[in-house]
Protein chains: 2
Amino acid sequence: MSKENVPVAEIKEYLKRSGINPSYHRLRIFEYLLKHRTHPTVEMIYKDISKEIPTLSKTTIYNTLNLFLNKKIVLGLTIEENELRYDSDTRPHAHFKCIACGQVYDVDLKSPLFERQMIEGHEITECHIYFKGICRKCLKKRKLQK
Amino acid sequence: MSKENVPVAEIKEYLKRSGINPSYHRLRIFEYLLKHRTHPTVEMIYKDISKEIPTLSKTTIYNTLNLFLNKKIVLGLTIEENELRYDSDTRPHAHFKCIACGQVYDVDLKSPLFERQMIEGHEITECHIYFKGICRKCLKKRKLQK
DNA sequence: GTATCTGCAAAACATTTGCAATTCT
DNA sequence: AGAATTGCAAATGTTTTGCAGATAC
């Protein structure tokens, strides 16, 4: 799923279709991923959602995200060691991480690499393309400072 | 550096040129990375080298590898969460991880992505391409079992 | 003898696990 | 009630840090 404003009923249906019982917490966490396209970490999700649901525990977020990963409705991004990030957009696309501000951007890249079935005799099931550098925003800031 | 059998004197020179004082441990660790092109984790390096140097500590391996990363003579691969792997070949190339046996292979891929300077307004300094799937060896094994 | 290098032990994190409490139907 | 869900607290595993001792020049 990739759009930003999806009605709750539709999310519910989507979870059910994916074999996931749409409990309140699961719904809220998936909704959060749809709304916040910043590839959040567990920490970020916890910080934000627990403002509205103070009883929510990190364990539940871990449980839920692992469930989502198993059912393949989110992607796990390991663009940087020691922080797993999550993306509700499971279509092939690339990622860009800014080494200045840390933000991870989606990059809509059409590459034949995503279509490849084999490489050097290995059978490919997943392809991840990660870029690092300075993002648009940080570049602008630096220019202004000069 | 990318070849497998490099004389120690040459490694020493390479470290010096990179601004690294070539202590015995550093030499041995870099030599290990050159010889073992399996993108080892700290654990693997420790296990193997400490057989010959029983006094070697993991802290030293972490210190040394972080030094190598800073001086950019090794690449850190975060193809899978919870395990940072190291590669002494800093030329642009892709990586393939077998989801059956866990081995990480180098893939000699010529892609224009490695040459890109900008994408969607972001300035690119690094490009990582990761594949996952079943490797050549594991595919063969599966065929034999049938 | 002063810098650097090394390594222990503790700390800092992220993530997982066991199990008990809670909720849903 | 019975099954699924949640959440605390403890365990696990990786990496970092503080600092003291060893080594090198």
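**How chains A and B meet**

Reader: Which residue in S6(B) stands opposite Ile124(A)?
Author: This is a predicted model, where local features need pLDDT of at least 70, side-chain atom pairs count only at pLDDT 80 or more, and totals for chains, interfaces and linings use all residues. Residues are numbered from 1 along each chain as written, chains are lettered from A and ligands numbered from 1 in written order, and side-chain values use heavy atoms, without hydrogens and water. Strands are DSSP runs (E, at least two residues), numbered from the N terminus. In S6(B), Ile124(A) stands opposite Gly133(B).

Reader: How many bridges join S6 of chain A to S6(B)?
Author: Strands pair if DSSP finds at least two bridges between them. S6 of chain A covers residues 122–134 and runs antiparallel to S6(B). The bridges joining them number 11.

Reader: What rotation superposes chain B on chain A?
Author: The fit is by least squares on C-alpha atoms of residues with pLDDT of at least 70 in both copies. Its RMSD is 0.2 Å, and the shift along the axis is 0.0 Å. The rotation is 179°. The copies are therefore related as by a two-fold rotation axis.

Reader: Which residue of chain B has the C-alpha nearest the axis?
Author: That C-alpha lies 2.3 Å from the axis. The residue is Ile129(B).

Reader: How many residues of chain B are in contact with chain A?
Author: Contact means heavy atoms within 4.5 Å. The copies meet through the same surface, because 100% of the interface residues of chain B are also interface residues in chain A. Chain A gives 35 residues, and chain B gives 35.

Note on methods: Helix = DSSP H or I, 4+ residues; strand = E, 2+ residues; numbered from the N terminus.
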